[in-house]
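The following paragraphs lead the reader through one molecular structure, from its nonpolar interior to its cross-links and backbone geometry. Please keep the sequence and the coordinates at hand while reading.

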Amino acid sequence: MRKRLRNCLIAAGLAVAVTVVPAAAPAQAAPRTGEVRAMVVDWASLVVAVAGHLLSGGGSEDASLKAAVQQIVAAVEAAKNDIIAHTDLIASAEVQACARQHTIEFADIENMSNTVRQLWAQNATGCATLATAYVTTVQTPQAVDNIGHVLPSLFAIVIAARGRAGLSNGINLVIQDQIRSYDAVVTKLTPTDCVKKGLKEPGYPREKWWECTAYNGDWGQSQWVTAPAEPVRAQAENSATRNTSRPSALSALPQLRSLGV
């Protein structure tokens, strides 16, 4: 029963993630036009597929685990240019260096002996731990956004590496760090420049809505509602932050929390 559950978790995760980043399409990374743009990858589904397998007792040599790890390898390769471009913007030299190194070297994970793979996975874990400490400490929105774009792939690399190295102990703690770092990104990039507005025309109910401006100047508004209903501020916050790393962190949190760690 547990084996069937593991295979279902992996199959479900890959079914979602593979449609976003096919292994045969590494050339589809977003082109650069003077600003760094992130390639869209469902990193959370990829992480949940591997982590779910390990947390339910699956082994590092299981065919389903290897297939799930290869999907992460393919996703990192497809988005590598974008990941490195965002990594180069991270203000912390230590985080920048280790994230760049593990992004570059990850494609060779199957070419490593298991002894080397274990050491490599431990170093990658240290990098993710450092990145978590950094994002939970730094306050500048731009700095938070820069690291926020790199966290999804970095944690995917760590989970995949630990899975293939047979280091399943501590997977729950890695996921907890990932959740903590995503919470920091969501909280610190939530717009504070928000205003609730209203309009009243004779003979009609008062209309109300929220308007928000994100740190990067992007503007968003909520749906208009008529009294006595109240507009939803989160709609304006989400719209204003559409071009930041906040939406991906926000959407990934329920998936990560579903692992129950």
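Helices and strands are taken here as DSSP runs, of at least four residues for helices (H or I) and at least two for strands (E), and they are numbered from the N terminus. The model under discussion is a predicted one. With these elements named, Pro228 can be placed in the loop between β4 (225-226) and α8 (233-240). Within that loop, the peptide bond that joins Ala227 and Pro228 is cis, with omega about 15°. As background, most peptide bonds are trans.

The interior comes next. In soluble globular proteins, nonpolar side chains tend to be buried together. In the present model, the largest nonpolar core comprises 63 residues, and Trp43 and Phe106 have the most contacts inside it. Several helices build this core: α2 (43-55), α3 (63-87), α4 (93-105), α5 (114-137), α6 (141-165), α7 (171-189) and α9 (246-257) each contribute at least two residues. The largest share is that of α6, which provides 14 residues.

Which residues does Phe106 touch, not counting residues up to four places away in sequence? They are Ile72, Val73, Val76, Trp120, Ile157 and Ala160. Apart from this core lies another one, of six residues, with Cys212, Ala214, Ala236 and Ala240 among them.

Two of the helices that supply the main core, α5 and α6, also pack against each other, at an angle of about 155° and with their axes 9 Å apart. Because an angle over 145 degrees counts as roughly antiparallel, α5 is roughly antiparallel to α6. The crossing of these two helices, α5 and α6, is left-handed.

A buried residue of α3 deserves a separate look. Thr87 lies in helix α3, and the relative accessible area of Thr87 is 0%. Since buried means under 20% relative accessible area, Thr87 counts as buried. Leaving aside neighbours within four places in sequence, Thr87 is in contact with Gln96, Ala99, Arg100 and Val150.

The covalent cross-links complete the picture. How many disulfides does a search of the whole structure find? The search finds two. One of them joins Cys98 to Cys127, with an S to S distance of 2.0 Å. This disulfide links distant parts of the chain, as Cys98 is in helix α4 and Cys127 in helix α5, 29 residues apart. The link of Cys98 and Cys127 is right-handed, with 75° about the S-S bond. Cys98 has a relative accessibility of 12% and therefore counts as buried; Cys127, at 1%, counts as buried as well.

The other disulfide joins Cys194 to Cys212, again with 2.0 Å from S to S. Cys194 belongs to strand β1 (residues 193-199) and Cys212 to strand β2 (residues 207-213), so this pair ties together parts that are 18 residues apart in sequence. The link of Cys194 and Cys212 is right-handed, with 115° about the S-S bond. Both Cys194 and Cys212 are buried, and Cys212 is also one of the residues of the six-residue core. When the bonded cysteines of the protein chain are numbered in sequence order, the pairing reads 1-2, 3-4.

Key:
Residues are numbered from 1 along each chain as its sequence is written. This is a predicted model: local features need pLDDT of at least 70, side-chain atom pairs count only at pLDDT 80 or more; totals for chains, interfaces and linings use all residues. Side-chain values use heavy atoms; hydrogens and water are left out. A nonpolar core is a set of buried Ala, Val, Leu, Ile, Met, Phe, Trp, Tyr and Cys residues joined through side-chain atoms within 4.5 Å. Buried means under 20% relative accessible area, exposed over 50%, partly exposed in between (1.4 Å probe, protein chains only). Contact means heavy atoms within 4.5 Å. A disulfide is a pair of cysteine sulfur atoms within 2.5 Å. Axes are lines fitted to C-alpha atoms, for helices over the stretch in contact, and angles run from 0 to 180 degrees between N-to-C directions. Angles under 35 degrees count as roughly parallel, over 145 as roughly antiparallel, 65 to 115 as roughly perpendicular and the rest as oblique. A crossing is left-handed if the near helix is turned anticlockwise from the far one by less than a right angle, and right-handed if clockwise.
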